[in-house]
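Work through the exercises below with the sequence and the model at hand. Each task is followed by a solution in steps.

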Amino acid sequence: MTDVRNMRLHSGPSITPADAEANRWSFALESAGLGVWDSNLATGQCYYSATWKKMLGYREDELGDRSDLWLTLIHPDDRQRAIESGERHISGETPQVETEFRLRHKDGHWVWVLDRGRVVEWDQDGHPSRMIGVQTDITDQKNAEHQLTLLNERIQLALDAGQVGLWHFNIETEIVLWDRRMREIFGIGPGPEEVPRATWHNLLHPDDAARAEREIESTFETGQPMKTRYRIVKPNGEIRHVFALARLVRHETMPDMLMGSIWDITEEVLSAEALAREKDLYRITLQSIGDAVLTTDVDNNITFANPAAEKLLLRNAQDLIGSRLENALNLIDEGTGTPLLSSTSRAMQIGQTVESAENVLFIRSDGGRRSLRDIASPLFDLTGAITGSVLVIQDVTSARNLQRELSHAATHDALTGLLNRTAFESAASSSIEKNGGGAPHIDLDRFKMVNDTLGHAAGDALLKMATSSMNSALPDAAIIGRLGGDEFAVLLPITKFDEAEEAAERLINEIRTIRLPWGGKIQNIGASIGIAALDEPGVTLAEAIARADAACYAAKAEGRNRSAIYNINTGAARQNLASIQAASGILEALSEGRLEIYGQEIRAISNTTDQSICIEILSRMTGPDGKIIAPAEFIPAAERFGLMGIVDRWIIQHTLETYGPKLMLMENVSIAINLSANTISDPTLWSFLQSAMEKTKVAPSRLIFEITETTAINNYEAAEHFVTEARAAGCRISLDDFGTGLSSFGYLHHFKVDSIKIDGAFIEKLSNSRIDQAVVASIGGIARELGVDVIAEHIEDAQAVDILKSLGIGYGQGFLLHRPQPLKALLRSLEKAEAR
């Protein structure tokens, strides 16, 4: 055995065979980059070769030969594994040491090494006394493995994103392997990768089976890749369309195999078929209603023109026939004004049907401009030679104008013509990047009072007049947007902040002059304006609007009809920012699971035979510090910033998914869920509820949806539609906060409800107020006539219960009867009571 400790390279003429052998070993180690270690287990000394030290960036005279030297350099995560590998070999469990670990390089980075060694000497008692090993730098290999792992993950991600199934067939062993996605596509459920060879054949659609099998056989025989579509019939009878790729893979060291991929294209096929049918119908319809039709010869001379073409081109057929199409049909690009050739030239050039671009404009002989869409197809004789073309022209001027109007409507407020919130934020953000400026937030004073007392028509007239004032008082460069209701935002490109204040004062003075004759009286409004600067680094548009909004509230607090500059120390500004932060906190609470479901029982107070139990679903939010936040602290912020729709949906989904199964096991329990105005206005609400009920198996009869009277009034059409859909499905409807509006009783004619909840304001002082008692008695009497239940809210004293009983009110809710508690605990207590 060669002692590597004695290896040296010599020069000069007197080289012995032993020296030559040592030189060869040393050269081999140097060339291979192998580091050798030689450990004397008896003395604890360990020799490390110069190549080992060089591998780690050290000179031969550095580091020394301590036995534990390598342990001082090993990565902490690899230390125990490496030690155990050596111990297992020394104890005789393994034939040699073989492990991978990292050693710290002199410059600080980690070097991956493959450590291999074994015991080469034993003492007289047979105990290992010497080990020799070699460490190989495998950093490049590890990096390559890491890159390969990343590549595999990317490929798998792409396959998952595209929902592609993979398969391969080993031609030698005739083993077929399908991945999980293949099993899903073919509907055979989870299972092993290996599937019977007949599985694919058995699931082919009978009409496509022969072709698909021929094509895969052809790929096997010729080696030509397969690309095809066919149908499959899943075990449940469902027919699906799939797109398949396959190729023959040959490798010198491996048996031949077929590899392929499949993905489900059913939706694309069905959509394409539907689109094709619509296209055919559309074209036939166009021809039947008289779209312009022209035919040309191979030189693009007109050979036929129908009456619709005569009308469009302002020339009779006799004049058109024989003339060049380009002379009769003067086309330009609507955007650039560049002359365009008709589609017929290209159709004849490529021998296929060609449709015109979207921006074709026809200049008529009378100077009129018409937007056109045309389809040109080549005409062939019996030999297949092109003899001309047919051109179908549709006048889409009205459609294009409507498209422009719809585009404008998508970005502008329908009433005022100003940018809507989304368009304003987009335009303002672009302007901020270029110019900076100030951001005023405008609220109209007295608008709500006029709107509520005189109606929406008067309110709309005032909004239009206010918009006119803004357009005249503010600079042309100002970007104005209506955020909603009587709230507006402006971006002012300015060089001095004084300009923003001056513009705000001009606008306030302009709005002061508004006079609206209505109902025999003159109505006027004012404006409160908050201003925030955008020159602070890092301030976003959303932050600027929030600051301007806070300043606007400060202006209102100071007496209205004035402007205020954002100042975080202003009380109103601070309060408003707190509201904004509360809205932000709601989204954080939802994402972090800090919104909790509570329940409060609605109990029978008169009808003692009614054994049913109704629970109103409530919410509580837990702050980051673990403290419970009552609804009064976050619901107003959610409503103001349009988040109630998100909150309501979460409450519905979470309640049904988490507690629905238990609810359905309790025969007499129903739950009442509040729906905000924002939620009621969502046109997808009912489909969402249907999906949630179907998924959780909660019967519609167990659900009661509470709509506030204000919500019903302000969203009448949406509320009426929802009520109709919900009651038809078996859900119940309760009109909440009844009695707060001026037309409460009138709305009972329009909404078919199952119960009404008297607003708590009439119950809280019921014991001492004859007026409140009269109102409650009136509500109860009308409810009985209509056959609906009545629920009194906010019951907090026993005397009120006695009065409610005497007035014939059947149900009550309040702290006296039941304090809200976590829904989980409430259902558990009801379950125990039911078991007794």
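Helices (H or I, at least four residues) and strands (E, at least two) are DSSP runs, numbered from the N terminus. The model is predicted: local features need pLDDT of at least 70, side-chain atom pairs count only at pLDDT 80 or more, and totals for chains, interfaces and linings use all residues. Residues are numbered from 1 along each chain as its sequence is written, and side-chain values use heavy atoms, with hydrogens and water left out.

**Exercise 1. Describe the surroundings of Ser389.**

Step 1. Locate the residue: Ser389 belongs to strand S19, residues 386-395.

Step 2. Assign its exposure. Buried means under 20% relative accessible area, exposed over 50%, and partly exposed in between (1.4 Å probe, protein chains only). Ser389 counts as buried because its relative accessible area is 0%.

Step 3. Look for polar partners. A polar contact is a pair of N or O atoms within 3.5 Å; within protein, one must be able to donate a hydrogen and the other to accept it, and residues adjacent in sequence count only if both atoms are side-chain atoms. The side chains of Ser389 and Thr296 form such a contact at 2.7 Å.

Step 4. List the contacts, meaning heavy atoms within 4.5 Å. With neighbours within four places in sequence left aside, Ser389 is in contact with residues including Leu294, Thr295, Thr296, Asn300 and Thr344.

**Exercise 2. Treat Thr416 in the same manner.**

Step 1. Thr416 sits in the loop between helix H14 (397-411) and helix H15 (421-435).

Step 2. Thr416 has a relative accessible area of 13% and is therefore buried.

Step 3. The Thr416 side chain has a polar contact of 2.7 Å with the side chain of Asp413. A polar atom of the Thr416 side chain also lies 3.2 Å from the backbone nitrogen of Leu418.

Step 4. Beyond four places in sequence, Thr416 is in contact with Leu463, Thr467 and Arg482.

**Exercise 3. Characterise the packing of helices H17 and H18.**

Step 1. Take the geometry. Axes are lines fitted to C-alpha atoms, for helices over the stretch in contact, and angles run from 0 to 180 degrees between N-to-C directions. The axes of H17 (residues 456-473) and H18 (residues 497-512) come within 9 Å and cross at roughly 145°.

Step 2. Assign the hand. A crossing is left-handed if the near helix is turned anticlockwise from the far one by less than a right angle, and right-handed if clockwise. The H17 and H18 crossing is right-handed.

Step 3. Identify the residues. H17 contributes Ser469, Met470, Ser472 and Ala473, which meet Arg506, Leu507, Glu510 and Ile511 of H18.

Step 4. Classify them. Ala, Val, Leu, Ile, Met, Phe, Trp, Tyr, Cys and Pro count as nonpolar, Asp, Glu, Lys and Arg as charged, and the others, Gly among them, as polar. The H17 and H18 contact thus holds four nonpolar, two polar and two charged residues.

**Exercise 4. Which residues touch the most other members of the largest nonpolar core?**

Step 1. Define the set: a nonpolar core consists of buried Ala, Val, Leu, Ile, Met, Phe, Trp, Tyr and Cys residues joined through side-chain atoms within 4.5 Å.

Step 2. The largest core has 70 residues, and Phe705, Phe722, Val776 and Leu804 touch the most other members. Helix H22 (residues 644-665) supplies the largest share of this core, seven residues.

Step 3. Outside four places in sequence, the contacts of Phe722 include Leu675, Ile680, Trp686, Phe705 and Ile733.

Step 4. A second, separate core has 29 residues, among them Ile442, Ala461, Ile494 and Ile514.

**Exercise 5. Examine two residues with positive phi.**

Step 1. Most residues other than glycine have a negative phi.

Step 2. Glu174, not a glycine, has a positive phi of about 60°. Glu174 is in the loop between strand S6 (164-170) and strand S7 (175-178), and at 47% relative accessibility Glu174 is partly exposed.

Step 3. Lys697 has a phi near 65°. Lys697 is in the loop between helix H24 (685-696) and strand S31 (703-708), and with 64% relative accessibility Lys697 is exposed.

**Exercise 6. Summarise the whole chain.**

Step 1. The chain has 30 helices and 36 strands.

Step 2. Of its 836 residues, 43% count as buried.

Step 3. Among contacts in the chain with a separation of 6 or more, 56% are between residues 24 or more positions apart.
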